[in-house]
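Biologist: I am new to this structure and would like a close look at one part of it, the pairing of charged side chains. Please take me through it slowly, and then lead on to the surroundings.

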Amino acid sequence: MTKKKKIDKTDNSKLNIKLGKKKNSSNLSHQLKEDESDSLVQDTIEDNRLLNLPKLSKKVYEKELKKLQIELVKLQEWVKHKGLKVVVVFEGRDAAGKGGAIKSIAQSLNPRICRIVALGKPSDQERTQWYFQRYTAELPAAGEIVLFDRSWYNRAGVEHVMGYCTHDEYVEFLRSCPEFEDMIQRAGIILIKYWFSVSDEEQEKRFQDRIKDPRKRWKFSPMDLEARSRWVEYSKAKDDMFNATDTEISPWYAIDANDKRRARLNCINHLLAQIPYEDVLTKPIELPPLQNKMVYVRPPIYLQNFINDVTADLK
């Protein structure tokens with residue numbers, strides 16, 4: 001039976017959270033003490049950053065990404081073949097690189113099998129519904145993979161910090177979320193949750209890049225500015241969220257996202273390891289010969305509206 005975090009129902013002004021069991025890292029030779037497990041993920045990220053790894057070159061990154069994307073295609077075909085239902089949740093601070101990681105996963109996959117869900121603000125009607133209702137409508141059927149670009153965890157983050165929900169609604173979410181995730185997994189859905197961790201210095205660089213680059217300016221919103229001014233509040237909200245929803249059956253996996261390319265490769269590699277799969281790709285296809293010529297006169301090509309070639313002067 002899954003061990004869940006519990007919230008004191010008698011006093012919603014404080015979060016009296018009882019820690020559940022954590023998954024220990026396989027490379028540790030001794031059993032972690034319970035009071036050490038909370039800091040394991042953060043310590044691992046900090047240790048990785050202390051390595052001061054150089055930025056991956058584009059050539060190395062693209063070569064490795066291609067290998068992993070081939071494996072993603074194999075995974076996709078296995079999901080379809082076995083009728084699996086997969087949900088991957090991507091959360092993290094603004095500009096942490098969630099969107100880029102999602103695109104690198106989805107770009108080589110069939111959009112009929114792998115789809116991205118990025119819900120906007122709830123409508124007036126949706127605000128009156130059960131909180132999880134609009135998310136359950138997006139859950140996969142057999143043979144589908146759903147990538148959530150932000151998810152129901154909005155309530156534990158932006159809604160809580162910015163005051164878009166009441167304190168009682170926030171506390172109820174932390175209480176209900178592990179039960180909701182247990183329920184959908186009992187229904188046969190594979191749930192994987194990623195948190196993209198980025199330092200405040202790196203986030204500042206990416207914000208400045210968005211401001212300067214017209215192609216990226218749409219990514220920047222007044223909410224991002226407000227989030228910067230509430231960095232510590234968001235940190236506390238994230239810690240409380242992990243404390244309540246990082247369960248043994250539904251753990252959070254943190255990714256050091258200070259290097260976007262490394263983060264994407266690490267994320268895909270980890271994702272592939274979470275779902276045992278076999279190669280069921282069809283054998284190489286042989287193209288049939290072109291149809292033999294028949295008596296048919298095609299209309300003159302000048303009757304078609306070809307667009308102007310603006311690339312003629314490009315070299």
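Modeller: E126 and R134 are joined by a salt bridge, in which the closest N and O atoms are 3.6 Å apart, and this, like everything that follows, is read from a predicted model. The two partners are covered to unlike degrees: E126 has a relative accessible area of 26% and is therefore partly exposed, whereas R134 has 15% and so counts as buried, since the cut-off for buried is under 20%. By the rule used here, the structure has 16 salt bridges, and a few of them show how such pairs can be placed along the chain.

One of them lies within a single helix. K236 and D240 meet through their side chains in a salt bridge of 2.8 Å from N to O, and both residues belong to helix 11, which runs over residues 231-245; they are 4 residues apart there, about one turn of the helix. The general reason that such a spacing suits a pair is that an α-helix has 3.6 residues a turn, so residues three or four places apart point the same way. Here too the cover differs between the partners, because K236, at 53% relative accessibility, counts as exposed, while D240, at 15%, counts as buried.

Another salt bridge brings together E144 and R115, at 3.7 Å from N to O. This pair links distant parts of the chain, with E144 in strand 3 (residues 144-149), R115 in strand 2 (residues 114-117), and their positions 29 residues apart. Of R115 one can add that its relative accessibility is 24%, so it counts as partly exposed.

Salt bridges can also join into a network, as they do for E71, K74 and D279. K74 takes us into helix 3, where it is among the buried residues, together with others that include Y61, L65, L68, L72, W78 and V79. The 25 residues of helix 3 should span 36 Å at 1.5 Å a residue, and because the C-alpha atoms at its ends are 35 Å apart, the model agrees with that expectation. The buried residues of this helix pack against strand 1, helix 4, strand 3 and helix 12, and just after the helix G83 takes a positive phi of about 65°.

Helix 12 can be looked at in the same manner. Its 15 residues should span 21 Å at 1.5 Å a residue, and its end C-alpha atoms are indeed 21 Å apart, so expectation and model agree. At its start, a side-chain oxygen of D259 comes to within 3.1 Å of the backbone nitrogen of R261. Buried within helix 12 are A263, R264, L265, C267, I268, L271 and L272, and the elements that cover them include helix 3, strand 1, helix 4, strand 4 and strand 5.

A charged residue can also sit under cover with a polar contact. E181, found in helix 8 (residues 167-186), has 0% relative accessibility and so counts as buried, and a polar contact of 3.0 Å joins the side chains of E181 and K193. Beyond its neighbours within four places in sequence, E181 is in contact with W152, Y153, L191, K193, T245 and S250.

W152 in turn lies in the loop between strand 3 and helix 7, and with a relative accessible area of 0% it is therefore buried as well. Its contacts outside the neighbours within four places include V87, V89, Y131, Y135, F173, C177 and F180, along with F132 and E181. In the case of F132, which is 20 residues away from W152 along the chain, the two C-alpha atoms are separated by 6.7 Å.

To set these details in the whole: the protein chain has 12 helices and 5 strands, and 40% of its 315 residues count as buried. Among contacts with a separation of 6 or more, 77% involve residues 24 or more positions apart. The chain exposes about 20300 Å², of which carbon and sulfur atoms supply 53%, and one nonpolar patch on the surface, formed by I301, Y302, L303 and F306, has about 540 Å² of accessible area together. Of these residues, L303 is found in the segment after helix 12 and counts as exposed because its relative accessible area is 55%.

Definitions and conventions: Residues are numbered from 1 along each chain as its sequence is written. This is a predicted model: local features need pLDDT of at least 70, side-chain atom pairs count only at pLDDT 80 or more; totals for chains, interfaces and linings use all residues. Side-chain values use heavy atoms; hydrogens and water are left out. Helices (H or I, at least four residues) and strands (E, at least two) are DSSP runs, numbered from the N terminus. Buried means under 20% relative accessible area, exposed over 50%, partly exposed in between (1.4 Å probe, protein chains only). Contact means heavy atoms within 4.5 Å. Accessible areas come from the Shrake-Rupley method with a 1.4 Å probe; for residues, only the protein chains shown count as cover. A polar contact is a pair of N or O atoms within 3.5 Å; within protein, one must be able to donate a hydrogen and the other to accept it, and residues adjacent in sequence count only if both atoms are side-chain atoms. Patches are made of residues with over 30% relative accessible area and no salt bridge: like charges are joined within 9 Å, nonpolar side chains (Val, Leu, Ile, Met, Phe, Trp, Tyr) within 5 Å. A salt bridge is a side-chain nitrogen of Lys or Arg within 4 Å of a carboxyl oxygen of Asp or Glu. The expected span of a helix is 1.5 Å times one less than its number of residues.
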